[in-house]
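Thanks for coming. I have one structure to go through, and I will take it topic by topic.

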Amino acid sequence: MNDVDNLLSPYLVFNRDQWSGLRNSVPLTLTQEDLVNLRGIHDELSLEEVKDIYLPLSRLLNLYVRARQRRSKVIEQFLGTEPAHVPYVISIAGSVAVGKSTTARILQALLDRWPEHPTVELVTTDGFLHPNHVLESRGLMKKKGFPESYDMHTLVKFVADIKAGKSQVSAPVYSHHIYDIVPGAKKVVQRPDILLLEGLNVLQSGMDYPHDPHRVFVSDFVDFSIYVDASEDLLNQWYVERFQCFRRSAFSDPNSYFHHYSQLSDAEAETIANQIWQEINYPNLRANILPTRERANLILTKGQCHAIEQVRLRK
């Protein structure tokens, strides 16, 4: 991007070295053992990546949270009201297989270690997918992750209740093992200081839901939004690699929804994974996920081995 493009762009653009320099001596509090437990099954995230990318990002987010807290105190002082506990909501969006979940878990671990010791909760929007029996009745089983596969009314109510400062809010729980909502299971969230909301759909708005028009969306309640980006070729490659990893691990469990895939040869599995990508995940990316990228406050662009090469921060 040249100087003219930088001036016209709504984003400030940083290469890896420039962004790393904004760490400002924030200490690395994660160990290699922590990292092993936090990263995804096929992610190659290193402590160097955490130091260069995620420590500066956690510093930025901490500054945003503190600024919001100060602003709230000013309003309370002006109105003469009691302090209200309003969580700061950070959304993390991006394609299937891009590593959103790892990004969310790393940020949760880092933000939780700041001196202020805020309570940081992480919720994924997978829990707000319609159960399989509903998707089956509507002919949507091959459209999991598409806008029409989510119970948006329940998701919006969940985030609205969080922002309203309710003492306890619960979310449904999704299991990738059984590929469905877990009956009766709930994740209880109790007035966190920060809520990380991770999912394909957290940057979507009314234009993405013409089939189910309503006036309020998750993005209306988000204080800061992150989009994890990568080229389409890399996303396809990572999806296939992740599929192969799952085939050798989680899919080998006879109780897994995808157990039948564990019996495939490597070549057969690669063919199936590419087919799923081309028929389901790629169309969803192009139609529903990628168009939301420019709505984000910050875009993390990955290259080979999931290494973040560029950071764009909205001006």
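For what follows, a residue is called buried under 20% relative accessible area, exposed over 50%, and partly exposed in between. Keep in mind that this is a predicted model.

Let me begin with the cysteines. Cysteine 305 has a relative accessibility of 43%, so this residue counts as partly exposed. Its place is the loop between strand 8, residues 298-302, and strand 9, residues 308-314. The backbone there has a feature to note: phi of cysteine 305 is near 60 degrees, which is a positive value in a residue that is not glycine.

How many disulfides does the structure hold? Zero. A disulfide would need two cysteine sulfur atoms within 2.5 Å. For cysteine 305, the closest cysteine sulfur belongs to cysteine 245, and because that sulfur is 13 Å away, it is too far for a bond. Taken from the other end, the closest cysteine sulfur to that of cysteine 245 is in cysteine 305, again at 13 Å and too far for a bond. Cysteine 245 also counts as partly exposed, since its relative accessibility is 25%.

A second positive phi is found at asparagine 24, where the value is near 60 degrees, in a residue other than glycine. Asparagine 24 sits in the loop that joins helix 2, residues 16-20, to helix 3, residues 32-38. Is asparagine 24 buried or exposed? At 52% relative accessibility, asparagine 24 counts as exposed.

Now the helix packing, with two pairs to look at.

The first pair is helix 4, residues 47-79, and helix 5, residues 100-111; their axes are 10 Å apart and the packing angle is about 60 degrees. That angle makes helix 4 oblique to helix 5. The crossing of helix 4 past helix 5 is right-handed. What kinds of residues make up this contact? Nine are nonpolar, three are polar and none is charged. On the helix 4 side, the residues include Val50, Tyr54, Leu55 and Leu61, and on the helix 5 side they include Ile106, Leu107 and Leu110.

Leucine 55 deserves a closer look. This residue lies in helix 4 and has a relative accessible area of 1%, so leucine 55 is buried. Leaving aside residues up to four places away in sequence, leucine 55 touches Arg23, Val26, Pro27, Leu28, Val50 and Leu110. For a sense of distance, threonine 119 is 64 residues away from leucine 55 along the chain, and their C-alpha atoms are separated by 18 Å.

The second pair is helix 8, residues 232-248, with helix 9, residues 266-289. These pack at about 130 degrees, and the axes are 9 Å apart. Helix 8 and helix 9 are therefore oblique to each other. Helix 8 also passes helix 9 in a right-handed crossing. The residues of this contact divide into eleven nonpolar, five polar and six charged.

One last residue, asparagine 132. Asparagine 132 belongs to helix 6, which covers residues 132-137. Its relative accessibility is 7%, so asparagine 132 counts as buried. What does asparagine 132 touch, not counting residues up to four places away in sequence? The residues are Met141, Lys144, Ile178, Tyr179, Asp180 and Tyr257.

That is the end of my list. I can go back to any of these on the screen.

Methods. Residues are numbered from 1 along each chain as its sequence is written. This is a predicted model: local features need pLDDT of at least 70, side-chain atom pairs count only at pLDDT 80 or more; totals for chains, interfaces and linings use all residues. Side-chain values use heavy atoms; hydrogens and water are left out. Axes are lines fitted to C-alpha atoms, for helices over the stretch in contact, and angles run from 0 to 180 degrees between N-to-C directions. Helices (H or I, at least four residues) and strands (E, at least two) are DSSP runs, numbered from the N terminus. Angles under 35 degrees count as roughly parallel, over 145 as roughly antiparallel, 65 to 115 as roughly perpendicular and the rest as oblique. A crossing is left-handed if the near helix is turned anticlockwise from the far one by less than a right angle, and right-handed if clockwise. Ala, Val, Leu, Ile, Met, Phe, Trp, Tyr, Cys and Pro count as nonpolar, Asp, Glu, Lys and Arg as charged, and the others, Gly among them, as polar. Buried means under 20% relative accessible area, exposed over 50%, partly exposed in between (1.4 Å probe, protein chains only). Contact means heavy atoms within 4.5 Å.
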